[in-house]
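Biologist: Hello! I am new to this one, so could you walk me through it step by step?
Modeller: Gladly; let us open it up and begin with where the chains meet.

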Amino acid sequence: MMHMKKIFSILIISLFILSACTGNKTANTQIKEVDFHTGTDGLVVEFVKGNPQDTIYVSSGKTEFYSAVSVENKGAYSVRYGYMNFLVEKGYVDFSSQIDLPQRFTLEGRSTSSPEGGYLEGAYYLNGILDANSAMKKTQVSALVCYDYETQANAKVCIDPDTVGRKIGQKICTISDQSFSGQGGPVVVTRIETRMIQKESSVIPSFMIYISNRGNGQVLNSDINVIQSACGIKSVTVDKDEMWNIVQVEASLGLQKLDCAPDSKLHLRNKEDFIKCELTSGIDKEQNAYVSPIQVNLRYGYTHTKSKTIELKRV
Amino acid sequence: MTDTQYGSVKLKNANLLFFGMAVLHVIVDGLIFGFNRKEMFGIFFWVYILLAFIIAIFFLNANSVGETMKHLAFFIGLSLVVIYLPVWKEDILSAFPSLPHSTYVLINAVFLLLGLWPFYIWKTNSLSGGMMTFANFYLIGWLVLVIFVMFMNSYEVFASTAENAPPPMDVGEVLTFIKTNVAKVFVAAGKAPAAIKTSVTQTYNKSTGQEYYKSEVEQNTQDTKIGVYLENMKAADPINYEDQKITFWVTVKAKAYNGASNENDIIPIDTLCTSDRTETSAREGTTNPTHFNVYSYDEQDVDCTFDVKDDPLNPKKAAYSLMPGDHTVSFAAKFNFTTKAYLKSYFADYTLLRSLNKENIDVFKQYNLEANPKAVYTNGPVDIGIETQSVIPVNTDSAPEENPRKNSVAFSLKNRQTGQLKKIYDLKLYVPKGITIIEESGCSKPAKKLAEDDGYSNIYSFPEIEYKTAVSADTPQSIMCYFDIDSDKTALLGNDPITTKYFKVEAKYVYELRRSTAVAVKPKMK
């Protein structure tokens, strides 16, 4: 009986030790939050390797070949209005069947539910054609992609109404300019400069928000008609002067919306520009310095072209 | 004391010294004081007068007062030109406020280099030892001054006082300009005569329909060139007699377009040979085969025989093959050939192009397009060049344009081998569907639209160029046509922002290749 008691005691102690070990393990496997608002990629379009092949051997008449395009959303925004058009040199390359890649598509951005971002692949058949007495011809097939996109930049800024240092005592923060690299979209907030503008009875927090196109394509107006027109999806009349390099900017300080001047539509020049956004309601001059989150939302369209040069060769 | 072009050596030295000091004065004025004529001109002018007096002391010892005054007047005049150059520069530049920045840099660079002028004159005038020492010091002084001002970098050189004049340059920028452009200037100067000749030739050719348009031959995968070539022509016997049959051999190499799947691409070759010692003794030989077709690639040995026969012009002479003496025997291969050429061009909505241009977006980069594509022609004896605008704007507005653009396409045919282009019997221009050649008056040679088409193009022929023999290596035959863009833009653009289309030219012609060899014919053996 004494022996049984000893065994039972050892088992109990062992269970304690085991449970203690398990408890420690649980403490070490916390879910790590991944920030998807990084990088400067939006949609990445590639020709699937070997499709089409670099050289297409053409017999008399037409020779059909296969081409496939992949589209990945490597940014943090889910595309709602994505369009794709294929540009070929008609007369040397023709479509031989209906394109099964949807010309309009949606594609999920990177998120906790889809860490890699959305992916789609489309294939289509083309015909290679050579002139009767031509031995070889280089030609190009291009995928033109246009889509809506957003960039969300989040930062913390110091709001200090005491710009001249009248108040005695240590401040919780000091005003400084901040630089950023990428927020999960091709258009990026690169810098936020904070200024406090003294008014009679209040202080107006003012922010110079610097925005830059860091992607490989061109920024479009976020208007759906413009995005469709840029890709030639349908014949729509748009104001071409308001087509390129337009970014809609919305900013908020905490829960308060900032007023951006002269309006929220920023026209990028040479791929970059800045906009001034203010909290026009102002803050009390006597308020102590505090840290506040600032959120900048950039809404825009985007377009770029992916091309592949192939050789049509006589068999 | 030796007399020189300027009088005595002493007088010459004094003259040159005076001129050099005047230039140095200008350089110091420019580098240090930026030609500040508003405040400093009086001071500098009086310094100049003082300098003239000092130099004049040298002249008092010269041979004659008259000679002294004559040369003094010349050098004072020259020096005044130098000292007033900056003032004129400002006046001239202010009259052209829209000149590009590089022009101002160039002018400033010339001014800076002006300081080397007296040194050059001194060096090339075999000055006395003392003056040479002075010249060397002058050069060092000039260099030190330029380098000093360059590294100070805060000084502005050749500052302009004119109100509308461009901002002044610093010496660093001017020197960088000199460094990067002097070599280019020399290279450009070397190429100038050829460029002028080319320009004059092009202007002449344009006015006479003989302009040449750029192109390149299509790359072929096979080593053998498409076309016809004559090789290895030689007499069958090393020694030939007038009373014996004389035979020559030549290898005809011919390559048709791959497989010549199209009947039109078969190369039919006619052969002939002649001996052309003199008009009276010229004889036509007999070739074998006289005709053959090349379907893909062929290497055919053709013989040319001069048989022994009577001479109707010389009935008393016994029958002979070729008269005794030296002869040039020519072998000719005459064949029909087709050359095609194409030029890629882009069509885009005019408002889209305008907006891209306004936003400084390169249309070629935006759509991954080949910028300024060159015409490509199929291999063969004739080079076809085509030119048009690389991006042709299409007005998609329903309202007609106030000032519609005049678009044109031009092409040229040029003989690229040593043979003769005997005649062009079919010449066609293919233009993308959606554009129309103005038939009657739109082309430099009348064009006629054909009923046929290839599904992508409208086809025009040029009947008047048929059966002409005017195309030689030096005088290309060129045709230019204006075209209209059809009101229905769907054929050209559809909904696409930009489309790639092709202009094509097809020429069918008769070409003759010749190859000659010399042969000595001996009299018959007795």
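Modeller: One thing to keep in mind is that this is a predicted model. Between chain B and chain A, the count is one salt bridge.

Biologist: Thanks! Which residue of chain B forms a salt bridge with A:Glu89?
Modeller: A salt bridge needs a side-chain nitrogen of Lys or Arg within 4 Å of a carboxyl oxygen of Asp or Glu. For A:Glu89 the closest N and O atoms of the pair are 3.0 Å apart. The partner in chain B is B:Lys344.

Biologist: How much area do chain B and chain A bury between them?
Modeller: The size of an interface is often given as the accessible area lost when the parts come together. Here the contact takes 35 residues from chain B and 40 residues from chain A. Carbon and sulfur atoms carry 46% of the buried area. The total is about 3,200 Å².

Biologist: Which residues in chain B lose the most area to chain A?
Modeller: Three residues together account for 17% of what the chain B side buries. They are B:Glu359, B:Gln366 and B:Tyr456.

Biologist: Back to B:Lys344: is this residue buried or exposed?
Modeller: B:Lys344 sits in strand 12 of chain B. The cut-off for buried is under 20% relative accessible area. B:Lys344 has 12% relative accessibility, so this lysine counts as buried.

Biologist: Which residue of chain B forms a salt bridge with B:Lys344?
Modeller: The closest N and O atoms of this pair are 3.2 Å apart. The pair links distant parts of the chain, 26 residues apart, with the partner in the loop between helix 9 and strand 13 (375-377) of chain B. That partner is partly exposed, with a relative accessible area of 38%. Its name is B:Glu370.

Biologist: Which residues are linked with B:Lys344 in a network of salt bridges?
Modeller: We have met B:Lys344 with A:Glu89 and with B:Glu370. The network also takes in a lysine of chain A. Linked with B:Lys344 are A:Glu89, B:Glu370 and A:Lys137.

Biologist: How many salt bridges are there over all chains?
Modeller: Another example is A:Lys265 with A:Glu242, whose closest N and O atoms are 3.1 Å apart. That pair links distant parts of the chain, 23 residues apart, from strand 16 (residues 265-267) of chain A to the loop between helix 2 (224-231) and strand 13 (246-253) of chain A. Over all chains, the count comes to 20.

Biologist: What is the order of the four strands in the open sheet of chain A?
Modeller: The pairing in this sheet is antiparallel. Strand 1 (43-47) and strand 5 (93-95) are the edge strands, as each pairs on one side only. The twist averages 35° from one strand to the next. The order is 1-3-7-5.

Biologist: Which residue in strand 3 of chain A stands opposite A:Phe47?
Modeller: Strand 1 and strand 3 (residues 62-73) of chain A pair in the antiparallel sense over five bridges. Opposite A:Phe47 stands A:Val69.

Biologist: In strand 6 of chain A, which side chains point to one face and are buried?
Modeller: Strand 6 (residues 104-107) alternates along its length. A:Arg104 and A:Thr106 point to the other face and are not buried. The buried ones are A:Phe105 and A:Leu107.

Biologist: How many residues has the largest nonpolar core?
Modeller: Among the residues with the most contacts inside this core are B:Ile269, B:Phe331 and B:Phe462. Apart from it lies another core, of 61 residues, among them A:Tyr77 and A:Leu253. The largest core has 62 residues.

Biologist: What does helix 8 of chain B pack against?
Modeller: Helix 8 (residues 350-358) has buried residues including B:Leu352, B:Leu353 and B:Leu356. After the helix comes B:Asn360, whose phi is positive, near 60°. The buried residues of helix 8 pack against strand 15 (391-394), helix 9 (363-366) and strand 12 of chain B.

Biologist: Is B:Phe337 buried or exposed?
Modeller: B:Phe337 is found in strand 12 (residues 325-349) of chain B. Its C-alpha atom is separated by 6.3 Å from that of B:Val510, 173 residues apart along the chain. At 3% relative accessibility, B:Phe337 counts as buried.

How values were computed. Residues numbered from 1 in each chain as written. Chains lettered and ligands numbered in written order. Predicted model: local features only at pLDDT ≥ 70, side-chain atom pairs only at ≥ 80, totals over all residues. Heavy atoms only, no water. Pairing = 2+ DSSP bridges. Helix = DSSP H or I, 4+ residues; strand = E, 2+ residues; numbered from the N terminus. Axes fitted to C-alpha atoms, helices over the stretch in contact; angles between N-to-C directions. Buried < 20%, exposed > 50% of the residue type's maximum accessible area, 1.4 Å probe, protein only. Core = buried A, V, L, I, M, F, W, Y, C linked by side-chain atoms within 4.5 Å. Contact = heavy atoms within 4.5 Å. Buried area = accessible area lost by both parts, 1.4 Å probe.
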